[in-house]
Structures are given as structure tokens and as C-alpha cells.
Amino acid sequence: DEKRILPTCVQLTGEYGLDDVFVGVPAKLGKNGIEQIIELDLNDEEADALRKSADAVRETVNAWKAMG
């Protein structure tokens, strides 16, 4: 239960302006799992890259769902 901040794949629910998508962001982990998602101040280029990554995850999940 060190409460360390580590890069972790988590479901975002409004953080970074993103909803209902799992992406890698820093999070504080404790003995019961994720305790806090850390929102870093991203510049425009970094925020755009995160949005593009989230869009790619959504597209992959949607394609997988369409197969089943």
C-alpha cells in the first residue's frame, strides 16, 4: 500500500476530457487498486496525441464488437 504513482491503463470518466475509454495515464495505486487518476497539464500537442490514442482504442474496440 505504497500509494505510488505509476503509468496505468484505466477507464477515464471525464479526466483529460475523455469518457468511457481505457488509456494509459498516471494513477495513484494503493492496496485496493486505483485511488486517484493524476491529470497532468498537457500542452496542445500532448492533448491532441492523447485524444488520437483514445480514438484509436475506441475504433479497435468497436471493430472487435462488430466481429462478434
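**Group meeting: the helix, the core and a buried glutamate**

Let me start at the N-terminal end of α1, where Asn43 acts as the cap, with a side-chain oxygen placed 3.0 Å from the backbone nitrogen of Glu45. I should say at once that what we are looking at is a predicted model, and I will describe it in those terms.

Staying with α1, which runs from 44 to 67, we can check its length against expectation: for 24 residues at 1.5 Å a residue the span should be 34 Å, and the end C-alpha atoms are 35 Å apart, which agrees. The buried residues of this helix are Ala47, Leu50 and Ala54, and what covers them includes β2. An α-helix has 3.6 residues a turn, so residues three or four places apart point the same way. That is a useful thought to keep in mind when looking at the buried positions Ala47, Leu50 and Ala54.

Leu50 and Ala54 also belong to the largest nonpolar core, which has 11 residues, the others being Val10, Leu12, Tyr16, Leu18, Val21, Val23, Val25, Ala27 and Ile37. The elements giving two or more residues to this core are β1 (4-13), β2 (19-30) and α1, and the largest share, four residues, comes from β2. If we take Leu12 as one member of the core and set aside its neighbours within four places in sequence, its contacts are Leu18, Asp19, Asp20, Val21, Val23, Val25 and Ile37.

Now to the loop between β1 and β2, where we find Glu15. Which side chain of opposite charge is nearest to this buried residue? It is Arg58, but at 10 Å away, and Glu15 has no salt bridge; a salt bridge would require the side-chain nitrogen to be within 4 Å of a carboxyl oxygen. A polar atom of the Glu15 side chain does, however, lie 2.6 Å from the backbone nitrogen of Thr13. Not counting residues up to four places away in sequence, Glu15 touches Ile37 and Glu39.

Finally, a word on backbone angles. Most residues other than glycine have a negative phi. Against that background, Lys3, in the segment before β1, has a phi near 55°, and Asp20, in strand β2, likewise has a positive phi near 55°. As to their surroundings, Lys3 is partly exposed, with a relative accessible area of 38%, whereas Asp20, at 60% relative accessibility, counts as exposed, and Asp20 is also among the contacts of Leu12 that I listed earlier.

How values were computed: Residues numbered from 1 in each chain as written. Predicted model: local features only at pLDDT ≥ 70, side-chain atom pairs only at ≥ 80, totals over all residues. Heavy atoms only, no water. Core = buried A, V, L, I, M, F, W, Y, C linked by side-chain atoms within 4.5 Å. Buried < 20%, exposed > 50% of the residue type's maximum accessible area, 1.4 Å probe, protein only. Contact = heavy atoms within 4.5 Å. Lys, Arg positive; Asp, Glu negative; His and termini not counted. Polar contact = N/O pair within 3.5 Å; in protein donor to acceptor, adjacent residues only side chain to side chain. Expected span 1.5 Å × (residues − 1).
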